[in-house]
Amino acid sequence: MDFKNKVAYITGGSKGIGFGVAKKLVEAGMRVAISGRTLKTVEKAAQYLGGEDRVLALESDVVQLGDEKKAVQAILDRWGQLDVVLANAGVGHFAPIDEMSDEHWHQMIDTNLNGVFHTLKASVGALKKSKGYYMTLASLAGTNFFAAGAGYNATKFGVVGFTQAAMLDLRKHGIKVSTIMPGSVATHFNGHSPDEKDAWKIQPEDIGDLVLDLLKMHPRTLPSKIEVRPTRPDLK
């Protein structure tokens, strides 16, 4: 892939894994659109990444299909094409199932699962034209269930299944589809503040390198489901 002629869109791109991937793609020469629910926050991240000539800041709540359609149209209006999409936006609430609130359950379903569908639905037409690449950010929680994780597990198991089925639907159109399933990553997810104690974890830029590796893969070859975890567990 000639990165300097390609355009990417990353949901939830103002921090964490989304920001780490955006940074790596910009450094590789791509033009990158990032979105989030708060435009001011996204604009601040975009300025850090490279400014308006290389990075487009968009306000979009993936829960709303209309927002995602507007975001994709803004990308096409600006750059005329869309080659790579990373559906990264997500939330997590953890509690025993008998204690989980209805609000938290539906927020995870709406963002983590419905949002992934909305992002693909909004971008699939452009990806057919570019014969592009659609990626989802799932989790090892999409294959390993754990106590107090019923809601999060449900969404991530769903993302894995959705992405793999979408891969079978879309490869006939020349679109590559992959899901990335990280283990522990040093991010602000679930209110955490990364510090030196998180050095053993996967770093957001590591996921960025992984995305670049996928984009460099020969067109005939598709790693459709990628598990990635820290090399060593937390050694306390």
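**Reading strand β2 and its neighbours**

Leaving aside neighbours within four places in sequence, E59 is in contact with G36, R37 and L39.

Biologist: Where is E59 found in this model?

Modeller: The model is a predicted one, and in it E59 belongs to strand β3, residues 55-59. Between E59 and R37 the sequence separation is 22 residues, while their C-alpha atoms are 5.5 Å apart in space.

Biologist: How should one read the side chains along a strand?

Modeller: In general, side chains of a regular strand point alternately to one face of the sheet and the other. Burial is a further matter, for which the criterion is under 20% relative accessible area.

Biologist: Why is strand β2 described as largely enclosed by the rest of the structure?

Modeller: Strand β2 spans residues 31-36, and 5 of its 6 residues are buried, so the rest of the structure largely encloses it.

Biologist: In which sense do β1 and β2 pair?

Modeller: Strand β1, residues 7-11, pairs with β2 in the parallel sense, over 5 bridges. Within this pairing, Y9 has A33 of β2 as its bridge partner. Helix α1, residues 16-27, carries the chain from β1 to β2, and this β-α-β crossover is right-handed.

Biologist: How many bridges join β2 to β3, and which residue of β3 is the bridge partner of A33?

Modeller: Strands β2 and β3 run parallel and are joined by 5 bridges. The partner of A33 in β3 is L56. From β2 the chain passes through helix α2, residues 39-49, to reach β3, in a β-α-β crossover that is right-handed.

How values were computed:
Residues numbered from 1 in each chain as written. Predicted model: local features only at pLDDT ≥ 70, side-chain atom pairs only at ≥ 80, totals over all residues. Heavy atoms only, no water. Helix = DSSP H or I, 4+ residues; strand = E, 2+ residues; numbered from the N terminus. Contact = heavy atoms within 4.5 Å. Buried < 20%, exposed > 50% of the residue type's maximum accessible area, 1.4 Å probe, protein only. Pairing = 2+ DSSP bridges. Right-handed = clockwise from strand over helix to strand, strands pointing away.
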